Amino acid sequence: MTPRALRRLPLNTAASIVFALAVFPVYWMVLTAFKPTADIQAETPVLLPTSLTLEHFSHAVQADGFWVFWRNSLLVTAGCVLLALVVALGAAFAVARMRWRGRRAFVLMVFIAQVAPWEALLIPMYVIARDADLLDRLATLTLIYFMITLPFTVVTLRSFLAGIPAELEEAAQVDGCTRAAAFRRVTFPLLAPGLLATSLFGFITAWNEFAFANMLIIKNQDDRTLPVWLSSFSNVFGTDWGATMAASTLFALPVLVLFLVLQGRVAAGMTGGAVKG
């Protein structure tokens with residue numbers, strides 16, 4: 001082993017331990033989803049089961065409302081992401097490309113909104129939704145998730161826009177493009193990695209959110225989302241751990257697939273947005 005490898009050995013060992021600790025819960029979730037019920041309830045944990053089953057996945061998919069709640073989560077998440085991108089793109093362009101009074105104060109407010117804990121808004125948002133007769137509506141959840149993801153989207157797109165030379169737009173304007181056309185034809189295509197990075201963040205945030213969905217959807221149970229639906233596997237007789245873990249695996253699958261498909265562009269977007277502006 002080379003001296004350099006010896007120096008890096010403690011760091012690599014620590015990284016491997018952290019990786020194992022982070023991955024093990026996911027491994028255990030997926031493993032439990034495929035385990036027979038007898039292995040799940042065994043006194044001694046079975047790390048490598050001798051047999052696997054799809055019974056729990058069948059139970060999860062056939063549970064009441066699975067596809068309805070899947071549709072609800074998808075509608076709320078897609079609406080939140082699209083709204084955040086449209087509004088944040090305009091705000092980021094105004095901050096990164098224009099000079100106007102109050103711009104620094106606006107950026108500071110966006111940063112404060114980004115770091116503020118959104119859990120503190122649970123009770124105020126519930127009171128507002130109740131008084132405005134907005135409870136039990138998917139549109140209310142969409143607007144709240146949009147509010148949660150908007151600051152991060154503005155900050156990231158602003159940083160990414162700052163990394164694209166304004167001279168490219170100016171050259172397009174010299175060639176006869178309007179300012180809007182120059183942005184659409186020159187700058188917007190270069191923003192693809194940043195748009196994908198922020199979209200993935202918004203998707204994960206809205207897809208996984210539980211507290212607001214559980215608090216604001218009370219009477220109309222058909223408007224629940226998947227995170228709330230996961231609690232349906234707990235009843236007076238206990239928790240069906242096999243079905244719960246199968247449902248959790250199905251719940252995590254879209255995010256995993258989306259990240260694997262977009263990981264290259266997402267990494268480029270996050271890196272570009274982190275070092276510019």
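In this predicted model, helix 4 and helix 10 meet through two sets of side chains and backbone atoms that can be followed residue by residue. On the helix 4 side the contact involves Trp70, Ser73, Leu74, Thr77, Cys80, Val81 and Leu85. These residues face Leu195, Thr198, Ser199, Gly202, Phe203, Ala206 and Trp207 of helix 10. Sorted by class, the contact comprises 9 nonpolar and 5 polar residues, with no charged residues.

Two packed helices are described by the angle between their axes and the distance between the axes. Helix 4 spans residues 66-97 and helix 10 spans residues 192-208; their axes come within 9 Å and cross at roughly 140 degrees. Helix 4 is therefore oblique to helix 10. The crossing of helix 4 with helix 10 is right-handed.

A second packed pair is formed by helix 8, residues 166-174, and helix 9, residues 179-190. The axes of helix 8 and helix 9 lie 9 Å apart, and the packing angle is about 140 degrees. Because of this angle, helix 8 and helix 9 are oblique to each other, and their crossing is right-handed. Helix 8 contributes Leu168, Glu169, Ala172 and Gln173 to the contact, while helix 9 contributes Arg179, Ala182, Phe183, Val186, Thr187 and Leu190. By class, this contact holds 6 nonpolar, 2 polar and 2 charged residues.

Attention now turns from helix contacts to open space. Rolling a probe the size of a water molecule over the atoms shows where empty space is left. The largest pocket has a volume of about 260 Å³. Its lining consists of Ala113, Gln114, Ala116, Pro117, Trp118, Leu121, Met147, Ile148, Pro151, Phe152, Phe201 and Thr205. Helix 5 (103-115), helix 7 (138-162) and helix 10 are the elements that each give two or more residues to this lining. Helix 7 provides the largest share, with 4 residues. The lining of the largest pocket has 10 nonpolar and 2 polar residues, and no charged residues.

The second largest pocket has a volume of about 180 Å³. Val26, Met29, Val30, Thr249, Ala252, Leu253 and Leu256 form its lining. The elements that supply two or more of these residues are helix 1 (3-34) and helix 13 (241-275), and the largest share, 4 residues, comes from helix 13. By class, the lining of the second largest pocket contains 6 nonpolar residues, 1 polar residue and no charged residues.

Terms used:
Residues are numbered from 1 along each chain as its sequence is written. This is a predicted model: local features need pLDDT of at least 70, side-chain atom pairs count only at pLDDT 80 or more; totals for chains, interfaces and linings use all residues. Side-chain values use heavy atoms; hydrogens and water are left out. Axes are lines fitted to C-alpha atoms, for helices over the stretch in contact, and angles run from 0 to 180 degrees between N-to-C directions. Angles under 35 degrees count as roughly parallel, over 145 as roughly antiparallel, 65 to 115 as roughly perpendicular and the rest as oblique. A crossing is left-handed if the near helix is turned anticlockwise from the far one by less than a right angle, and right-handed if clockwise. Contact means heavy atoms within 4.5 Å. Ala, Val, Leu, Ile, Met, Phe, Trp, Tyr, Cys and Pro count as nonpolar, Asp, Glu, Lys and Arg as charged, and the others, Gly among them, as polar. On a 1 Å grid over the protein atoms alone, a cavity is a set of points where a 1.4 Å probe fits but cannot get out, and a pocket is an open set with protein on both sides within 12 Å along at least five of seven lines; lining residues have an atom within 4 Å of a point. Grid points are joined across faces, edges and corners, and a volume is the space filled by probe spheres set on the points.
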